[in-house]
Amino acid sequence: MNRNNQYPDINQNVKQLLSNIDSNIVSSKTKGKLQETLNQLIDLKTALDESSIVAATDQNGIINYVNDRFCEISKYSRDELLGQNHRIVNSGFHSEEFMRDLWDTILSGKIWKGEIRNKAKNGSYYWVNTTIIPFLNDANQPYQFLSIRTEITKLKQVEKELKNMMTKLMNVQEDERRKISRELHDGIGQRMFSLLIQIDRIANDIEHDGLEVIRNDVSNIIQDIRNMSWELRPSVLDDLGIVPAIRSYLKEYSQHYGIDVQLDTNIKKRLEIDIETTIYRVIQEALTNIGKYADVSEAFVKMIEDENGIVVSILDYGQGFVRQRDMKGVGLFSMEERARAVNGHLEIESEPEKGTHIKLNINKSEVDSHM
């Protein structure tokens, strides 16, 4: 690209600057190097404008520069953007906390990076991967902010489609678990129980040690079937809801692992079944890991609903672990995917010898939308 055509104002300023330099003070060789350096800066700006969406604002957030790609994606003209702030493209998607964190970061002189959904003039939405760089004065205070963005709308669409596929897959999995669980409990389990009654009747008429052995075997099989049915999907979750299901699960869990689990909850109503299933599976997976690896005698589960939504917390003070970046086990992956399926957020904090804290956050808007 011809830099003279792309940035005539900059080149004019460069020529004016060079012409004002006293040739008696600066040699022609030095002026040549200055020209070369300035040309390189122009080339870098050209490359940046060609590849990215660029805007600059003053310390108050007022836009004083936008490139052509910004105008193209926002559908606003340059005249419509200059003198405005970025609220002109605010989609209203992000929370006040999100925006406050952004401003707190750049006003402190730090670089902010993240993904933002904006709204174009025609009402369409677009996503941009954003880096905001503060420029600091001699007092170490920001006097200008440079925003460099890359459009990722198609990527976000693919992520949304993938999330929908994962949600459908987990729903199918839960439906199959429900069917198999019911069949085990109501079908095979009931027939085995009938067989146990028949053995008891025969034992009343015939005294034989072998019958007692058979009875014990059948009784153990019935218990195994019940356990399998419970692990697949407890019927109480569908029939009565998350709180009775968790109370029942904790009773079985404590008997199996010998770990006392203290439950604290203020939830008094039924939630949407997808949210209840997510909460149940996250607690189940977290407690299973505690039972296998934490080496503790007690654990703590909270399910609290407030004005912001629902927070589920599973805590132990056991072995803990060091979580390596980008390394996820099947259990952790399952919990995170389930959280994403209901637009929730999973947080995991763990430290060796100090324990593990898993927190599931589900926003009130998501809870209300499922009701």
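**Hairpins, a five-stranded sheet and its helices**

In the hairpin of β3 and β4, five residues sit between the strands, and G123 takes a positive phi near 95°. This description, like everything that follows, rests on a predicted model. The two strands of the hairpin, β3 (residues 112-119) and β4 (residues 125-136), pair in the antiparallel sense over eight bridges. To find one of these pairings in the structure, look for G114, whose bridge partner in β4 is T130.

Strand β4 also takes part in another hairpin, this time with β5, and here too five residues lie between the strands. In this turn, N140 has a positive phi of about 65°. Nine bridges join β4 to β5 (residues 142-151), and the two strands run antiparallel. Here T131 can serve as a landmark, with I148 as its bridge partner in β5.

One residue of β5 deserves a closer look: Q144 lies in this strand. Is Q144 buried or exposed? Q144 counts as partly exposed because its relative accessibility is 25%, a value between the 20% limit for buried and the 50% limit for exposed. Although Q144 and Q59 are 85 residues apart along the chain, their C-alpha atoms are separated by 5.1 Å. Beyond its neighbours within four places in sequence, Q144 is in contact with T57, D58, Q59 and N64, as well as with I133, P134 and F135.

Further along the chain comes a stretch with an annotation. An unreviewed UniProt entry lists residues 148-175 as "coiled-coil region". In the model, this stretch is 82% helix and 14% strand, with its end C-alpha atoms 46 Å apart.

Attention now turns to a sheet. Five strands make up an open sheet with mixed pairing, in the order β6-β7-β8-β10-β9. Its edge strands are β6 (260-265) and β9 (345-351), each of which pairs on one side only. From one strand to the next, the twist averages 10°. Within this sheet, β8 (residues 309-316) and β10 (residues 355-363) pair in the antiparallel sense over eight bridges. As an example, V311 has N361 as its bridge partner in β10.

Which strands does helix α11 touch? Helix α11 (residues 273-294) packs on the sheet and touches β6, β7, β8, β9 and β10, while its direction makes about 10° with that of β8. Helix α10 (residues 242-257) lies across β6 and β7 (298-306), and it runs at about 170° to β6.

Methods
Residues numbered from 1 in each chain as written. Predicted model: local features only at pLDDT ≥ 70, side-chain atom pairs only at ≥ 80, totals over all residues. Heavy atoms only, no water. UniProt positions renumbered as here; feature names shortened; annotations may be inferred. Helix = DSSP H or I, 4+ residues; strand = E, 2+ residues; numbered from the N terminus. Pairing = 2+ DSSP bridges. Axes fitted to C-alpha atoms, helices over the stretch in contact; angles between N-to-C directions. Contact = heavy atoms within 4.5 Å. Buried < 20%, exposed > 50% of the residue type's maximum accessible area, 1.4 Å probe, protein only.
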